Amino acid sequence: MSEENARQFIQEMQAMEAYFNNLAQRENALISVLREATAAIDSINALKEKPDSETLVPVGLGSYVQSKISSKDTVFLSIGAGIALEKDSDSAVNYLEARIKEIQVAVQDTSAKKQEIAARLEQGKAQLNQLMQAGAPRPGPGNV
């Protein structure tokens with residue numbers, strides 16, 4: 001393998017590693033959204049069981065005001081772009097459960113891609129180690 005090919009191979013490995021890190025970040029973000037959706041369902045169900053609940057409402061910068069929830073039957077769901085839908089509690093839970101299923105599919109897809117890239121990275125690292133042991137030129141300050 002020529003020095004140019006070795007450099008190109010290393011660049012491909014670095015790009016793959018960056019892609020792997022991107023997938024890991026995406027997976028973590030999806031898992032966070034999944035937890036949030038599950039917590040929302042739990043909260044909606046808890047409100048249905050206990051009408052006229054008191055809660056703390058965030059007003060910013062870690063500050064809260066105490067509030068009384070007077071309607072357990074109406075839920076507002078943000079659908080993006082500053083738009084919210086008004087739904088009854090059961091419809092809101094159904095909507096959130098459908099979103100959870102979509103998110104779970106996205107997590108599984110991302111995880112599968114991440115595993116595939118991890119396997120390719122391991123193969124590439126093994127190949128790079130073989131090349132280094134065989135005496136292939138190592139990219140470095142002296143021969144870059």
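Colleague: Let me start with the strands. Which residue is the bridge partner of Thr74 in β4?

Modeller: Keep in mind that this is a predicted model. To read a pairing, find one bridge and then follow the ladder. Here Thr74 is bridged to Asp88 of β4. β3 and β4 (residues 83-88) run antiparallel, with six bridges between them.

Colleague: What sits between the strands of that hairpin, and which residue there has a positive phi?

Modeller: Two residues separate β3 from β4, and Ala81 in this hairpin has a positive phi near 55°.

Colleague: Now α1. How far does α1 reach from its first C-alpha to its last?

Modeller: α1 has 47 residues and spans 69 Å, close to the 69 Å expected at 1.5 Å a residue.

Colleague: And how do I read its buried side?

Modeller: An α-helix has 3.6 residues a turn, so residues three or four places apart point the same way. In α1, the buried residues include Ala6, Phe9, Met13 and Met16, and further along Leu30, Leu34, Ala37, Ile41 and Ile44. Glu27 is buried too. Among the elements covering the buried residues of α1 are β3 and α2.

Colleague: What is the volume of the largest pocket, and which residues are closest to its centre?

Modeller: The volume is about 440 Å³. Of the 20 lining residues, Ala40, Phe76, Leu77, Ser78 and Leu96 are closest to the centre.

Colleague: Which element gives the most to that lining?

Modeller: That's β3, with seven residues. α1 (3-49), β3 (74-80) and α2 (89-133) each supply at least two. By type, the lining has 12 nonpolar, five polar and three charged residues.

How values were computed: Residues are numbered from 1 along each chain as its sequence is written. This is a predicted model: local features need pLDDT of at least 70, side-chain atom pairs count only at pLDDT 80 or more; totals for chains, interfaces and linings use all residues. Side-chain values use heavy atoms; hydrogens and water are left out. On a 1 Å grid over the protein atoms alone, a cavity is a set of points where a 1.4 Å probe fits but cannot get out, and a pocket is an open set with protein on both sides within 12 Å along at least five of seven lines; lining residues have an atom within 4 Å of a point. Grid points are joined across faces, edges and corners, and a volume is the space filled by probe spheres set on the points. Helices (H or I, at least four residues) and strands (E, at least two) are DSSP runs, numbered from the N terminus. Ala, Val, Leu, Ile, Met, Phe, Trp, Tyr, Cys and Pro count as nonpolar, Asp, Glu, Lys and Arg as charged, and the others, Gly among them, as polar. Two strands pair if DSSP finds at least two bridges between them. The expected span of a helix is 1.5 Å times one less than its number of residues. Buried means under 20% relative accessible area, exposed over 50%, partly exposed in between (1.4 Å probe, protein chains only). Contact means heavy atoms within 4.5 Å.
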